[in-house]
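Open your viewer, set the display to cartoon, and get ready to select a few residues by number. We will go from the whole chain down to single side chains, one stop at a time.

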Amino acid sequence: SILSIILFLSISNIKRSITNIFGDLSLISEAPEELNATFSGLIIFASLKVDSAAKIAIQHHWKNSQGDLKHCWIISGGQDALITTKEMIKSMDIPESIFHFDSKYTMRDPENPKNPLKLILKSEDANDPNQIRKIVEAIYQDAKENYDLYDSDIIADYTGGTKSMTAGLVLACASPDRRLQYVLSDYIDNKPVNPKVMEIKLSYSLKPVKT
């Protein structure tokens with residue numbers, strides 16, 4: 001099917017990006033399934049459009065205040081995406097306190113605690129999968145330390161990011177307790193219609209690069 005082809009190409013791009021960082025690996029994925037559950041924590045990429053996959057993902061887990069969503073971390077690829085994020089949040093009837101996205105929000109780098117990380121990417125970091133991986137790892141650490149949310153309480157959405165951003169997020173979320181989703185939509189006049197939130201399960205094992 002078309003979905004299978006798109007998914008295969010997506011995973012292939014992710015695999016190449018991971019291989020460039022770590023070396024040989026074995027990547028295993030299961031067929032995507034429509035996600036009905038809602039999660040307390042959500043990690044998403046900002047979009048340059050207000051009506052976007054990011055908004056659909058948020059609304060899925062909020063479910064008109066009937067869902068479980070309590071914290072949403074939004075990673076912005078730059079200032080333009082940050083501006084759109086603010087407009088998107090204003091367009092939804094959801095408490096702004098749920099969202100973590102601006103320059104004031106900092107996290108500890110799990111690999112270098114003295115180095116603060118932010119959710120707004122510098123231009124040189126937007127195409128660095130390893131930097132995105134560290135930011136996502138920092139979000140999981142931040143969620144546990146400050147909000148008592150464990151890995152299994154959070155789901156990460158890789159829709160909307162660049163290939164490098166997607167690769168970094170998948171790298172951080174390939175352990176069994178970390179859930180992944182994406183938004184599948186048809187588009188009419190560049191607007192998403194009939195959207196579905198899909199879950200995909202990935203796991204991988206790494207082998208050292210031969211020298």
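Here is a tour of this protein in a handful of stops, starting with the overall view.

**Stop 1: the whole protein**

Keep in mind as you look around that this is a predicted model. Colour by secondary structure, and you can find 5 helices and 11 strands. The protein has 211 residues, and 48% of them count as buried. Now switch on the surface: about 11300 Å² is exposed, with carbon and sulfur atoms supplying 49% of that area. How much of the contact network joins residues at least 24 apart? Among contacts between residues at least 6 apart in sequence, the share is 69%.

**Stop 2: the largest nonpolar core**

Hide the surface and select Ile43, Ile75, Val136 and Leu169. In the largest nonpolar core, which has 30 residues, these four touch the most other members. Several elements give two or more residues to this core: strand 3 (41-45), strand 4 (71-75), helix 4 (129-147), strand 8 (154-157), helix 5 (163-172), strand 9 (179-188) and strand 10 (191-200). Which element provides the largest share of this core? Helix 4 does, with 7 residues.

Next, show the side chain of Ile75 and whatever surrounds it. Leaving out residues up to four places away in sequence, Ile75 touches Ile43, Ile44, Phe45, Ala46, Leu119, Leu121, Ile135, Val136 and Ile139. There is also a second, separate core of 27 residues, and Leu42, Ile44, Ala46 and Val197 are included in it.

**Stop 3: helix 5 and Leu169**

Select residues 163-172 to highlight helix 5. Is this helix mostly covered or mostly open? It is mostly covered, since 9 of its 10 residues are buried. The buried ones are Ser164, Met165, Thr166, Ala167, Gly168, Leu169, Val170, Leu171 and Ala172.

Zoom in on Leu169, which sits in helix 5. Why does Leu169 count as buried? Its relative accessible area is 0%, and buried means under 20%, so Leu169 qualifies. Apart from neighbours within four places in sequence, Leu169 is in contact with Ile43, Phe45, Ile132, Val136, Ala156, Asp157, Tyr158 and Leu180. Try your distance tool here too: the C-alpha atoms of Leu169 and Arg133 are 5.5 Å apart, although the two residues are 36 apart in sequence.

**Stop 4: two threonines in helix 3**

Now select residues 79-90, which form helix 3, and look for Thr84. Thr84 is buried, with a relative accessible area of 9%. Beyond its neighbours up to four places away in sequence, Thr84 touches Ser47, Leu48, Lys49 and Val50.

Move along to Thr85, also found in helix 3. Thr85 is buried as well, with a relative accessible area of 2%. Which residues does Thr85 contact, leaving aside its neighbours within four places in sequence? They are Ala46, Ile74, Ser76 and Phe101. From Thr85 you can also draw a line to Ile75: their C-alpha atoms are separated by 9.5 Å, with their positions 10 residues apart along the chain.

**Stop 5: a pocket**

Select Ala46, Ser47, Leu48, Gly160 and Gly161. Of the 22 residues lining the second largest pocket, these are the closest to its centre. The space in this pocket is about 350 Å³. How do its lining residues divide? There are 11 nonpolar, 9 polar and 2 charged residues.

**Stop 6: the loop after helix 2**

For the last stop, find helix 2 (53-62) and follow the chain into the loop that lies between it and strand 4, where you meet Lys63. Lys63 has a positive phi of about 50° although it is not a glycine. Lys63 is partly exposed, with a relative accessible area of 37%.

Ser65 belongs to this loop between helix 2 and strand 4. Its phi is positive too, near 75°, and Ser65 is not a glycine either. Ser65 is partly exposed, with a relative accessible area of 44%.

Finish at Gln66, in the loop between helix 2 and strand 4. Is Gln66 buried or exposed? Gln66 is exposed, with a relative accessible area of 67%. As a parting check, the C-alpha atoms of Gln66 and Thr38 are separated by 9.4 Å, with the two residues 28 apart along the chain.

Terms used
Residues numbered from 1 in each chain as written. Predicted model: local features only at pLDDT ≥ 70, side-chain atom pairs only at ≥ 80, totals over all residues. Heavy atoms only, no water. Helix = DSSP H or I, 4+ residues; strand = E, 2+ residues; numbered from the N terminus. Buried < 20%, exposed > 50% of the residue type's maximum accessible area, 1.4 Å probe, protein only. Contact = heavy atoms within 4.5 Å. Areas by Shrake-Rupley, 256 points an atom, 1.4 Å probe, with all protein chains shown as cover. Core = buried A, V, L, I, M, F, W, Y, C linked by side-chain atoms within 4.5 Å. 1 Å grid on protein atoms, 1.4 Å probe; cavity = no way out; pocket = protein on both sides within 12 Å on 5 of 7 lines; lining within 4 Å. Points joined across faces, edges and corners; volume = space filled by probe spheres on them. Nonpolar A, V, L, I, M, F, W, Y, C, P; charged D, E, K, R; others polar.
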